[in-house]
Amino acid sequence: MNLEDLRKERQKWMSWKNIAPLRKTVESLASGTWHVEIGDVVKVSGNYPQDIKESAKSLMPWRKGPFELFGTYIDSEWKSNIKYNLLRPHFNLKDKRVADIGCNNGYYLFRMQEDKPKLLVGFDPSPLYKTQFDFINYFIKSDIVYELLGVEHLEFYEEKFDTIFCLGVLYHRSDPVAMLKQLYKGLDKEGEVILDTFYIEGEGEICLCPKSSYSKIPNIYFVPTIGALKNWCLRAGFSSFEVLETSVTEANEQRKTEWIEGQSLEDFLDPEDETKTVEGYPAPARIYVKLIKDKK
Ligand SMILES: C[S@@+](CC[C@H](N)C(=O)[O-])C[C@H]1O[C@@H](n2cnc3c(N)ncnc32)[C@H](O)[C@@H]1O
């Protein structure tokens with residue numbers, strides 16, 4: 001696969017009629033003086049001559065964050081700091097080549113800079129999220145590389161990675177074992193993957209296969225038990241499967257804010273029984289795992 005041709009092709013997405021005005025917003029950002037603090041909130045403060053709130057609002061919906069720009073708090077739908085902090089004890093990226101697959105607007109990548117990795121690459125085929133990344137990165141001026149590519153391109157990528165994060169993507173793929181193999185091929189020797197996905201409780205090696213939606217999300221194909229997930233990972237070639245954490249998504253982590261249109265978690269659960277989705281399936285629970293390519 002020729003990735004250079006694909007990159008050129010995808011660059012044209014930036015002139016789609018819903019994206020072109022957003023690119024203008026980013027291209028017309030003014031200069032000013034500011035400083036950056038990266039913690040639970042990715043924050044830029046200082047003096048800035050433009051109405052940053054209006055610019056940020058034009059780039060909605062903001063799914064991942066939070067960010068703060070010159071006093072404007074972008075209260076994204078997800079408090080992504082909760083997932084980042086839960087995973088934080090389980091990785092060390094110093095001098096590593098790191099990829100974040102499905103990186104959205106780059107919130108985790110901005111935070112990962114704290115470890116001083118050798119390389120940080122985000123993969124996400126969304127021109128809107130890439131534009132949000134460019135908007136934030138205009139102020140942060142990081143060396144993060146953002147590729148408008150998907151997990152399906154990882155095996156053809158010019159670099160191999162020491163650590164690959166793949167968070168919240170597996171359940172969107174209709175062939176999860178094929179996706180796990182793509183992650184495997186993206187790793188260098190002894191590389192590791194940190195992955196999260198929805199799972200269901202149960203001893204069996206089985207999956208929930210939602211009919212047309214799960215928690216009102218249409219493109220969710222398989223929700224495995226831990227046993228089934230482990231089997232997928234071993235079949236994809238990984239030699240080690242370690243469960244890091246499990247969690248149930250709560251309303252303090254995902255909720256409707258003024259920075260998204262439409263609905264959020266509270267509308268996706270059965271109003272009579274919050275342990276179920278509106279479709280009657282078990283409410284979303286996540287499992288976080290570490291996979292190792294080949295143990296010494
Ligand atoms: C549910 S979000 C997860 C975002 C983030 N990784 C997290 O865990 O908070 C899924 C992300 O995957 C991206 N995505 C869609 N198709 C993809 C693909 N083929 N390869 C990689 N990412 C993809 C979407 O644009 C979106 O940003």
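These legends describe close-up views of a predicted model of one protein chain and its ligand.

**Figure 1. Overall fold of the protein chain, with nine helices and 15 strands.** The radius of gyration of the protein chain is 19 Å, close to the 19 Å that the globule rule gives for 296 residues, so the chain is as compact as a globular protein of that length. The C-alpha trace spans about 60 × 50 × 35 Å along its principal axes. Of the 296 residues, 36% are buried. Among contacts between residues at least 6 apart in sequence, 66% join residues at least 24 apart.

**Figure 2. The shell of 16 residues around the ligand.** Gly102, Asn104, Gly150, Leu167 and Gly168 come nearest to the ligand. Sorted by class, the shell holds seven nonpolar, six polar and three charged residues. Leu167, one of the nearest residues, is also the last residue of strand β8, which covers residues 161-167.

**Figure 3. The right-handed β-α-β unit made by β8, helix α7 and β9.** Helix α7 covers residues 176-186, and strand β9 covers residues 187-198. Strands β8 and β9 pair in the parallel sense, over six bridges. Within this pairing, threonine 163 has glutamate 192 in β9 as its bridge partner.

**Figure 4. Pairing of β9 with strand β15.** Strand β15 is formed by residues 285-292, and its pairing with β9 is antiparallel over seven bridges. Aspartate 196 stands opposite tyrosine 288 in β15. Strand β9 thus has a parallel pairing with β8 and an antiparallel pairing with β15. In a regular strand, side chains alternate between the two faces of the sheet.

**Figure 5. Surroundings of proline 117, in the loop between α5 and β6.** Helix α5 covers residues 107-112 and strand β6 covers residues 119-123. Proline 117 has 21 other C-beta atoms within 10 Å, and is therefore buried, the cut-off being 20 or more. Residues up to four places away in sequence left aside, proline 117 touches Leu93, Lys94, Asp95, Lys96, Val98 and Met112. Of these contacts, Met112 is the residue at which α5 ends.

**Figure 6. Proline 117 and leucine 167 in one view.** The two residues lie 50 residues apart along the chain, and their C-alpha atoms are separated by 19 Å. Proline 117 sits in the loop between α5 and β6, whereas Leu167 is among the residues that come nearest to the ligand.

Methods: Residues numbered from 1 in each chain as written. Predicted model: local features only at pLDDT ≥ 70, side-chain atom pairs only at ≥ 80, totals over all residues. Helix = DSSP H or I, 4+ residues; strand = E, 2+ residues; numbered from the N terminus. Rg over C-alpha atoms; globule rule 2.2 N^0.38 Å. Buried ≥ 20, exposed ≤ 12 C-beta atoms within 10 Å, placed from the backbone. Contact = placed C-beta atoms within 7 Å. Near = placed C-beta within 6 Å. Nonpolar A, V, L, I, M, F, W, Y, C, P; charged D, E, K, R; others polar. Pairing = 2+ DSSP bridges. Right-handed = clockwise from strand over helix to strand, strands pointing away.
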